[in-house]
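Q: I'd like to learn how to read a model like this one, feature by feature. Can we go through it together?

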Amino acid sequence: MAPRHQAPRGTRDLLPADTRLWRWAEARALQVLERYGFGELRSPMFEEYELFARTAGESSDVVQKEMYRFQDLGERDLALRPEFTAGVMRAYLEHGLGGRARVHRLWSMGPVFRYGRPQKGRYRQFSQINAELVGSAAPGADVEVISLFVDLYEAWGFRDLTVLINSVGQPASRRAYGERLRELLAPFAERLSEDSRRRLEQNPLRVLDTKSEGDLAVLAELRESGAGLPRMIDLLDTDDRAHWDQVLAGLEAAGVAVEIDHGLVRGLDYYTRTAFEVHDRSLGAQSALGGGGRYDGLIEMLGGPPTPGVGFAIGLDRALLVLEERGTAPPLADTVCVVAMDSTRAAAQALVRRLRREFPVEADVEARAFGAQMKAAGKSGARLLVIVGEDEWKQGVVALKDSRTGTQQSVAVDRLADTLRGLLSGQETQGGA
Ligand code: AMP
């Protein structure tokens with residue numbers, strides 16, 4: 001019989017075989033975030049629609065086409081978060097964090113929602129790790145955030161990633177850049193996609209974000225033509241230019257390799273100065289693994305005092321797709337299997353519960369015969385077998401068999417935990433690997 005229900009289009013179930021890798025990746029990320037001194041901020045999965053519309057910009061794809069907007073029973077206009085930054089900054093202001101310390105390092109992790117066309121690496125519910133360094137305009141803050149960004153991928157085993165970087169300047173220099181782009185692209189308007197023609201009117205920079213093959217061909221032609229595409233960094237004011245130079249110098253000093261990409265603009269309106277992204281070509285069309293930048297105007301946009309900030313979002317789904325394809329597998333913890341006879345079943349139950357305070361322990365729950373339990377233990381791949389025999393139990397001992405060495409020994413029940421600890425110590429467990 002076919003099941004009556006399926007997961008909604010664009011969503012996925014992660015089964016235990018998948019979540020094992022997810023948990024490992026999350027645990028590793030958490031270690032790195034903590035080493036950088038970031039603290040976790042958990043904000044709601046939905047916020048006022050207006051918060052996202054205001055910060056992302058009305059002309060952004062996210063607002064125009066991808067928002068999960070709904071009215072609750074109290075007729076509030078709400079939306080599932082399409083990204084973290086707006087909600088994190090709303091919380092930053094609401095709790096007056098700016099008044100408590102000058103600089104805050106905040107991370108968040110969890111699902112975000114965008115109504116896009118689902119395909120490999122693009123889902124309607126997906127997960128991000130988000131990090132924000134709020135309160136510092138110094139180039140060193142950009143360098144620290146980009147170092148953290150790279151170190152997170154490295155902790156997962158990525159070695160060959162190149163961070164693409166650009167400066168998107170300030171709104172004024174961006175407008176000047178947009179005007180130049182509009183003039184350059186106007187003669188090609190006929191050949192551009194409908195989306196890009198609209199962007200050419202509303203926000204020409206966004207044309208550079210296009211995924212349409214036709215648009216990309218036009219951009220490639222322009223790039224290769226004599227004049228080439230304008231470069232944002234040529235239009236920066238003195239301060240922005242100095243910031244840019246210092247960020248590049250700082251990254252070099254820190255040993256973080258970057259590649260300048262003059263066409264990198266990022267999708268949201270609130271970015272200023274530094275913008276960066278990282279791609280993995282094995283993902284095909286949805287190659288962006290993560291990205292971020294500076295957003296010095298964002299907090300003011302939300303009614304707060306001028307407060308600089310820089311941050312990023314890493315897409316976990318795509319990073320994990322790559323890791324899966326590479327066969328990355330976190331080590332499995334060795335387990336202990338306790339096998340009992342009819343006469344020792346009750347005693348074994350208490351023993352199992354006690355051992356589980358410390359070790360991963362498997363045990364029969366179906367009152368199966370001794371032989372069936374032994375067979376199941378062999379199949380499960382448990383490293384250590386604890387056999388609770390009737391005569392031995394009366395003498396206060398159990399048999400302990402190590403499937404790795406094939407040896408068997410008699411161990412006093414009150415020495416069992418120590419013995420197991422000795423045998424299992426030094427191995428990497430799933431979470432702490
Ligand atoms: P963005 O805020 O759009 O730069 O997104 C940051 C990262 O989230 C991207 O680099 C992707 O890895 C990931 N991401 C964005 N949209 C999706 C999606 N629809 N499905 C899966 N991952 C996504």
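A: Sure, starting with a term: strands are DSSP runs of E with at least two residues, numbered from the N terminus. Keep in mind that this is a predicted model. With that term in hand, E277 can be placed in strand β9, which spans residues 272-279.

Q: Is E277 buried or exposed?
A: Buried means under 20% relative accessible area. E277 has a relative accessible area of 11%, so it's buried. Its side chain also has a partner: a polar contact of 2.8 Å joins it to the side chain of H279.

Q: Let's go to the ligand. How many residues surround the ligand, and which are the closest?
A: The shell has 13 residues, and the closest are R114, Y123, R266, A288 and L289. Sorted by class, you get 5 nonpolar, 4 polar and 4 charged residues.

Q: Which strands each supply at least two residues of that shell?
A: Three strands do: β6 (125-134), β10 (288-294) and β11 (309-315). β10 gives the most, with 3 residues.

Q: Which protein atoms lie 3.1 Å, 2.9 Å and 3.0 Å from an oxygen atom of the ligand?
A: For a polar contact, look for a pair of N or O atoms within 3.5 Å. Q128 uses its side chain, with a polar atom 3.1 Å from a ligand oxygen. A288 uses its backbone, where an N or O atom sits 2.9 Å from an oxygen of the ligand. G290 also brings a backbone N or O atom, at 3.0 Å from a ligand oxygen. As for cover, the ligand on its own has 480 Å² of accessible area, and the protein covers 86% of that.

Q: Now the rings. What describes a pair of aromatic rings?
A: Two numbers do it: the distance between the centres and the angle between the planes. Here the count comes to 7 aromatic pairs. One of them is F46 with F70, at 6.0 Å centre to centre and 75° between the planes, which is edge-to-face.

Q: Why does the F46 and F70 pair tie together parts that are 24 residues apart in sequence?
A: It does because F46 belongs to strand β2 (residues 46-48) while F70 belongs to strand β3 (residues 69-71). Both rings' residues are partly exposed: F46 has a relative accessible area of 43%, and F70 comes in at 29%.

Q: And what are the distance and angle for F149 and Y153?
A: Their ring centres are 5.3 Å apart and the planes meet at 90°, so this pair is edge-to-face. The two residues share helix α6 (residues 139-155), where they're 4 residues apart, about one turn of the helix. F149 is buried at 0% relative accessible area, and Y153 is buried at 2%. Ring pairs link F149 and Y153 with W156, F158, F276 and F312 into a cluster.

Q: Which helix holds R28, and how far is its C-alpha atom from that of Y153?
A: R28 is in helix α1 (residues 16-35), and it's partly exposed, with 23% relative accessible area. Its C-alpha atom is separated by 9.8 Å from that of Y153, although the two residues are 125 apart along the chain.

Q: Zooming out, what does the domain assignment give?
A: The assignment has domain 1 made of 16-169 + 236-325, and domain 2 covering 333-424. The C-alpha centres of domain 1 and domain 2 are 48 Å apart.

Methods: Residues numbered from 1 in each chain as written. Predicted model: local features only at pLDDT ≥ 70, side-chain atom pairs only at ≥ 80, totals over all residues. Heavy atoms only, no water. Near = heavy atom within 4 Å. Polar contact = N/O pair within 3.5 Å; in protein donor to acceptor, adjacent residues only side chain to side chain. Areas by Shrake-Rupley, 256 points an atom, 1.4 Å probe, with all protein chains shown as cover. Nonpolar A, V, L, I, M, F, W, Y, C, P; charged D, E, K, R; others polar. Domains from an automatic or database assignment. Phe/Tyr/Trp six-rings, centres within 6.5 Å; stacked < 30°, edge-to-face > 60°. Buried < 20%, exposed > 50% of the residue type's maximum accessible area, 1.4 Å probe, protein only.
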